[in-house]
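Trainee: Could we go through this structure together, starting with one detail and then moving outward to the whole chain?

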Amino acid sequence: MTEFRYGIWNLLKRLVGHSSITRAIIYTIGHIIIAMTCNRLITGAALELAAMDALIEPMINGVWFYLLDRMYVSYNKSS
C-alpha cells in the first residue's frame with residue numbers, strides 16, 4: 001500500500017474509530033441512499049414517497065444497528 005493510501009486508511013480508521021454511534025450513522029446514511037434509489041427504481045414511486053420511505057425505515061434500522069453493536073461491544077469486552 002502506498003504511503004498516501006496508508007495515510008488515508010489510518011485517517012478513516014481514526015474518524016470511524018471504535019464508536020458504535022459513528023458506525024450506526026454511517027450505516028444509516030448509506031441505507032437511506034440505497035433505500036431511496038431501490039424504491040424509486042423498483043416501484044416507480046414518486047421521488048417524494050421514495051424519499052419518505054427511505055428516511056423512516058433506515059432510521060429505525062439505524063437504532064436497531066446501534067443497539068446490536070453496543071451489545072456486541074459489551075459482549076466482547078466481557079469475554
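**An aromatic pair and its setting**

Mentor: Let us begin with F65, which is partly exposed, with a relative accessible area of 26%. Please keep in mind throughout that this is a predicted model.

Trainee: How many aromatic pairs does the count come to, and which residues form a pair?

Mentor: With ring centres within 6.5 Å as the rule for pairing, the count comes to one aromatic pair. Its centres are 5.0 Å apart and its planes differ by 20 degrees, and the pair is stacked. The residues that form it are Y27 and F65.

Trainee: Which parts of the chain does the pair link?

Mentor: Y27 belongs to helix α2, which covers residues 20-43, while F65 belongs to helix α3. The pair thus links distant parts of the chain, and the separation between Y27 and F65 is 38 residues.

Trainee: Why does Y27 count as partly exposed?

Mentor: Buried would require under 20% relative accessible area and exposed over 50%, with partly exposed in between. Y27 counts as partly exposed because its relative accessibility is 34%.

Trainee: Is D69 buried or exposed, and which residues is D69 in contact with beyond its neighbours within four places in sequence?

Mentor: D69 lies in helix α3, which runs over residues 47-78. Since the cut-off for buried is under 20%, D69 is buried because its relative accessible area is 9%. Leaving aside the neighbours within four places in sequence, the residues in contact with D69 are S20 and R23.

Trainee: What pattern does the chain follow when read along the sequence?

Mentor: The chain has three helices and zero strands. Read along the sequence, the pattern is α-α-α.

Trainee: What radius of gyration does the chain have?

Mentor: The C-alpha atoms fill a box of roughly 45 × 35 × 15 Å along the principal axes. For a compact globule of 79 residues one would expect a radius of gyration near 12 Å, but the chain has 17 Å.

Trainee: What percentage of the residues of the chain count as buried, and what share of the accessible surface belongs to carbon and sulfur atoms?

Mentor: Of the 79 residues in the chain, 18% count as buried. The accessible surface comes to about 6,300 Å², and the share of it belonging to carbon and sulfur atoms is 72%.

Trainee: How far apart do the centres of the positive and negative side chains lie?

Mentor: The chain carries 7 positive and 5 negative side chains. Taking the centre of each set, the distance between the two is 13 Å.

Methods
Residues are numbered from 1 along each chain as its sequence is written. This is a predicted model: local features need pLDDT of at least 70, side-chain atom pairs count only at pLDDT 80 or more; totals for chains, interfaces and linings use all residues. Side-chain values use heavy atoms; hydrogens and water are left out. Helices (H or I, at least four residues) and strands (E, at least two) are DSSP runs, numbered from the N terminus. The radius of gyration is taken over C-alpha atoms; the globule rule is 2.2 Å times the number of residues to the power 0.38. Buried means under 20% relative accessible area, exposed over 50%, partly exposed in between (1.4 Å probe, protein chains only). Accessible areas come from the Shrake-Rupley method with a 1.4 Å probe; for residues, only the protein chains shown count as cover. Lys and Arg count as positive and Asp and Glu as negative; His and the chain ends are not counted. The place of a charge is taken as NZ of Lys, CZ of Arg, CG of Asp or CD of Glu. Contact means heavy atoms within 4.5 Å. Rings of Phe, Tyr and Trp (its six-membered ring) pair if their centres lie within 6.5 Å; planes under 30 degrees apart count as stacked, over 60 as edge-to-face and the rest as tilted.
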